[in-house]
Amino acid sequence: MTQLDRWFPYPAYRPGQEDMLNEAAACARSGGVLLIDAPTGSGKSSVVSSLLAERGDRLVVVAVRTISQMTTYIRELDLVRRKQPGLKYSYLVGKGSLCPLGGIGDVYRKCEAVKAFSTSLIKERADRGAMDPSKDPYILQQIKKNDPDHPLLCPFFIRSKAAVYSEKSGNIKIIPSESCRRKAEIISSKGVDPGNVGDLCEGLCPYEVMVQASQHVDLLVLNYHHLFDDQIREQLYLNLQREPSEMMLLIDEAHNCGDVMQDILSVSVDQQALEAAERELGTLKKEMKNLEAVRHLIPQINKFIDGLKRSMETEDWFDPTIFSRMVLRESFYSSLEEVVDQLMEVSEVVKEASSKKGDYKATGIERLSMFLSRLNLSLRNPSYLTVYQKDQDKIVLKAQNIDPAPALSALAKEHSCMILISGTLTPLSSYQQLYFRTLTDNVPVKRFQLPNSFPRQNRLVLAATDITSAFSMRQNKEHSQRLIKYILAFASSPGNLAVYFPSYQVLETIVRDVEIHIKKEVFIEPKESSEAGQLLSKFMNLPRTGRSGILFAVCGGKFSEGLDYRGEMLTGAMVIGLPLAPWNRVRQMIMDYYTQRYGEEGKFLAYTLPALNKVQQALGRVLRTPEDRGVLVFGEKRFVEDQIRTRLPEWIQDELIPCTYEEFSKQIRGWK
């Protein structure tokens, strides 16, 4: 029995799975980066077995995007624990969904402040001999005085802590309470569903319990932001008392890495934030000198925004040099750096003063200083663009990161190894360039791709050769009628079906003409998220009642990724067109940036790759198990052209049947 076999929780390997796990084990031993493209059903989550088998003294860190993905890994780890009873694992769920403390404002800012106040009080009382804060009458009295909307103390944090005297240092130390350690041990050694961790904690701080549970584990599952946000990651590693070099990373659903990292690195500001900043500065005039100079800049920024309101574009680039010149005109500042330095200093004062009053709203000054800092960075760093977005009369200014490679490469360099895995990481070579262009040769990057092991006879893969979502054809009546005929032919397929469009606008235009001709119950993706859950549940439950429906949705929208339509919940999906981002000057500048770095390949990375992934994600909702049967339709002639077709997974390239409408309708009628 190999070391891997000792940790692999199943009686047999799926096709290609053992090769994948051996590749992961090799990466764990030698270090570097491994990108894995593994279709649905290939057993991707079992990569944790490889990392645990090669762990040694290192910590395995699994980063996921959603709670449902976290639950998948927890189920896998519970199976591993049956073979390795000593396995300890934990997880970290974001504070936003678990914090039991009431109050208004940002939950993270609130947590930071009340923990500081609570810790200070615990230490003060410990100096007077009260070592158990949860039973100290004075602390309990102070907790009763808490304003529910503006709390200054956290009773849940206080119950999670105890004070001890350290003979070595001669100081009071704050440590986890006995009840906190007991609950943490239950999580790490017995396993608790993340949805039940709040109930388990019974009056303790769930996050403190999870952090304590993570102290001495073999594996930790957390969300992307814990890993990708520098400040959160550094604080976490400090709590864990671990160096990055002592950690092995596994990134799930890795096709999302670039977007998430870029979002974290980007900062936006609007007139509402500017108004808040101006108010905050006004309240500090008596306390801090020279604030009128920086306050004078805000009307200048508002003037700049008002000028953009005349634009006809919904998104466009703005010149950061002109912005800086206009904002600094007739001011006492010679550069934006001076403004940012003063704003950051003021921001700390405002933040501290607000926290003392139990006000935990994010400050406008802080937002403005972060935005100006990033905007100033864009003057010398081409991986940041200054962009404005317009929605009716509202303008948002954004310092937008367009290149995740430096940040992801830095993450890979710091850690013992980094494995990225997804069912739609095709083409692997493109994701390697996009994510790890700045990696040096001493950090090797390898790639591994698994074939689709599901039975070929269970799927029909079609590509229309005579329809397209190209803008030039959208007003062509003959083409529009042909597209409608394709959708109606597809709608005659048995079972629950989904049709995905490149945008809400195209969806609304087409659905008006097709829904009256469809016999199935029609479901249309709502723009509001609050309405989505109930609609989707009704659609997915239709097969249980012997009925079927057709879902019209948007590629990259609420119903095209991260959902598991098993069995008869979805028996066919059709993607209309190639969901490329709207073309404008911002898109052109992003393409120019990538072309400068990658040549012709840069055009694909900047523009086509994101659209291709959305298509694969949407069609990937259909076949979730080897027993599932379904039809996959590429409703766009560009998919049969070499520049797109050769970028698709090999199994799709092999099985793709190009067809005109007549051939398509014949194939659909013949599918049972």
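Start by selecting α19 (336-356) and α20 (364-378): their axes come within 9 Å and cross at roughly 155°. (Axes are lines fitted to C-alpha atoms, for helices over the stretch in contact, and angles run from 0 to 180 degrees between N-to-C directions; helices are DSSP runs of H or I with at least four residues, strands are E runs of at least two, and both are numbered from the N terminus.) α19 and α20 are therefore roughly antiparallel to each other. (That label takes angles over 145 degrees; under 35 counts as roughly parallel, 65 to 115 as roughly perpendicular, and the rest as oblique.) Before going on, keep in mind that this is a predicted model, where local features need pLDDT of at least 70, side-chain atom pairs count only at pLDDT 80 or more, and totals for chains, interfaces and linings use all residues. Residues are numbered from 1 along each chain as its sequence is written, and side-chain values use heavy atoms, with hydrogens and water left out.

Turn the pair so that one helix lies over the other, and you should see α19 pass α20 in a left-handed crossing. (Left-handed means that the near helix is turned anticlockwise from the far one by less than a right angle; right-handed means clockwise.) Now show side chains. On the α19 side, the residues that meet α20 include Leu-336, Val-339, Leu-343 and Val-350. Their partners in α20 include Ile-365, Leu-368, Leu-372 and Asn-376. (Contact means heavy atoms within 4.5 Å.) Sorted by class, this contact of α19 with α20 has eleven nonpolar, four polar and two charged residues. (Nonpolar covers Ala, Val, Leu, Ile, Met, Phe, Trp, Tyr, Cys and Pro; charged covers Asp, Glu, Lys and Arg; the others, Gly among them, are polar.)

Stay here and look for the second largest cavity. What lines it? Select Val-294, Leu-297, Ile-298, Ile-301, Val-327, Val-339, Leu-343, Leu-368 and Leu-372. Two or more of these lining residues come from each of α17 (297-308), α19 and α20, and α17 has the largest share, with three. The class split is nine nonpolar, no polar and no charged. The space inside is about 30 Å³. (On a 1 Å grid over the protein atoms alone, a cavity is a set of points where a 1.4 Å probe fits but cannot get out, and a pocket is an open set with protein on both sides within 12 Å along at least five of seven lines; lining residues have an atom within 4 Å of a point. Points are joined across faces, edges and corners, and a volume is the space filled by probe spheres set on the points.)

Next, keep α19 and add α6 (107-126). These two helices pack at about 70°, with axes 10 Å apart, so α6 and α19 are roughly perpendicular to each other. The crossing of α6 past α19 is right-handed. Pick out Arg-109, Glu-112, Ala-113 and Phe-117 on α6, which make the contact with Lys-351, Ser-355 and Lys-356 on α19. Four of the residues in this contact are charged, two nonpolar and one polar.

Both α6 and α19 also help to line the second largest pocket. Its volume is about 1800 Å³. To find the middle, select Asp-229, Gln-231, Ile-232, Glu-366 and Met-370, the nearest to its centre among 49 lining residues. Which helix gives the most to this lining? Colour α13 (230-240): it supplies eight residues. The whole lining divides into 18 nonpolar, 14 polar and 17 charged.

Follow α6 on to the largest cavity, where it supplies at least two lining residues, as do α5 (95-98), α8 (155-159) and α11 (206-213). This cavity holds about 140 Å³. Cys-99, Pro-100, Cys-111, Cys-205 and Tyr-207 lie nearest its centre, out of 15 lining residues. Twelve of the lining residues are nonpolar, none polar and three charged.

From α11, bring in α9 (178-189): the axes come within 8 Å and cross at roughly 65°, in a right-handed crossing. Residues making the contact include Ala-184 and Ile-187 of α9 and Val-209 and Met-210 of α11.

Two backbone stops finish the tour. In the loop between α10 (197-201) and α11, check Glu-202, a non-glycine residue with a positive phi near 45°. Then go to Pro-427, in the loop between β12 (417-422) and α22 (428-436); a cis peptide bond joins Thr-426 to Pro-427, with omega about -5°.
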